[in-house]
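Here are my notes on the model you asked me to look over. Keep the structure open beside you and go through the points one at a time.

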Amino acid sequence: MTGEYLDGVLAIERVSFPTPWTRHSFLNEIYNNNFAYYYVALAGGQVIGYAGMWIILDEAHITNVAVHPRYRGRRLGELLLKVLMQEAMHLGADRMTLEVRVSNRPAQRLYERLGFSRAGIRKGYYNDNREDAIIMWKHFFEENGSGTGDHYSGH
């Protein structure tokens, strides 16, 4: 993701989240946060989805994933998550975490399908309505060191 894609990203952000990130927040992430990695999905030059994460030491934390409403239901969110997982492993992460609203069952099912497990609750996590968040984790490698992570080979 670069600044040239922000209008498209912000349009999706506004229709996807009750408290959307601002242009300044995204600019800060992509230009000033050395831990941040953001990606866009394009169709005909238009942003149709995006995803971001932070890599801190050996952990990846997903910050956001969103798909334009016209492109939902086509597994684009899954593809974006697989790209994040592959890039996180490439950058040295051995596990990944995220928070998801307790009411967002479709996202929870997607994360579970990709191997994320529930690990706890953050009470009142979301500022807009004080909704709880489910903390989920995915470990890319088993304790014995054998790889169990999904690998996405396309870029």
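1. Start with the sheet: six strands make an open sheet in the order β1-β2-β3-β4-β6-β5, and the pairing is mixed. Bear in mind as you look that this is a predicted model. At the edges you'll find β1 (36–43) and β5 (117–122), each of which pairs on one side only. On average, neighbouring strands of the sheet are turned by 25° against each other, direction ignored.

2. Now pick out β2 and β3. Strand β2 covers residues 46–56 and strand β3 covers residues 59–67; the two are antiparallel, with eight bridges between them. One bridge to look up joins Ile 56 to Glu 59 in β3.

3. Stay with Ile 56 for a moment, which belongs to strand β2. How does Ile 56 count by its relative accessibility? The value is 40%, and buried would need under 20% while exposed would need over 50%, so Ile 56 counts as partly exposed. For a sense of distance, try Gly 8: it sits 48 residues from Ile 56 in sequence, and their C-alpha atoms are 27 Å apart in space.

4. Next, follow β6 (133–139). Which strands does β6 pair with here? With β4 (95–101), β6 pairs in the antiparallel sense over seven bridges. With β5, β6 again runs antiparallel, this time joined by five bridges. Two residue pairs help you find your way: Arg 95 has His 139 in β6 as its bridge partner, and Arg 118 stands opposite Met 136 in β6.

5. Is β6 enclosed or open to the outside? Five of its seven residues are buried, so β6 is largely enclosed by the rest of the structure. Buried, remember, means under 20% relative accessible area.

6. Two helices lie against strands of this sheet. Helix α1 packs on the sheet and touches β1, β2 and β3, with its direction at about 85° to that of β2. Helix α3 (residues 76–90) lies across β1, β2, β3, β4 and β6, and runs at about 30° to β2.

7. Then there's the helix pair. Two packed helices are described by the angle between their axes and the distance between the axes. For helix α1 (residues 6–16) and helix α2 (residues 23–32), the angle is about 125° and the axes are 10 Å apart. Why call them oblique? Angles over 145 degrees count as roughly antiparallel and those from 65 to 115 as roughly perpendicular, and α1 and α2 fit neither, so they are oblique to each other. The crossing of α1 past α2 is right-handed.

8. What meets what between these helices? From α1 come Leu 6, Asp 7, Val 9, Leu 10 and Glu 13, and from α2 come Arg 23, Phe 26 and Leu 27. Sorted by class, the contact has five nonpolar residues, three charged ones and no polar ones.

9. Finish with Arg 23, which has its place in helix α2. Leaving out residues up to four places away in sequence, Arg 23 touches Leu 6, Asp 7 and Leu 10. Its relative accessible area is 36%, so Arg 23 is partly exposed. How far is Arg 23 from Arg 118, C-alpha to C-alpha? They are separated by 31 Å, and by 95 residues along the chain.

Definitions and conventions: Residues are numbered from 1 along each chain as its sequence is written. This is a predicted model: local features need pLDDT of at least 70, side-chain atom pairs count only at pLDDT 80 or more; totals for chains, interfaces and linings use all residues. Side-chain values use heavy atoms; hydrogens and water are left out. Axes are lines fitted to C-alpha atoms, for helices over the stretch in contact, and angles run from 0 to 180 degrees between N-to-C directions. Helices (H or I, at least four residues) and strands (E, at least two) are DSSP runs, numbered from the N terminus. Angles under 35 degrees count as roughly parallel, over 145 as roughly antiparallel, 65 to 115 as roughly perpendicular and the rest as oblique. A crossing is left-handed if the near helix is turned anticlockwise from the far one by less than a right angle, and right-handed if clockwise. Contact means heavy atoms within 4.5 Å. Ala, Val, Leu, Ile, Met, Phe, Trp, Tyr, Cys and Pro count as nonpolar, Asp, Glu, Lys and Arg as charged, and the others, Gly among them, as polar. Two strands pair if DSSP finds at least two bridges between them. Buried means under 20% relative accessible area, exposed over 50%, partly exposed in between (1.4 Å probe, protein chains only).
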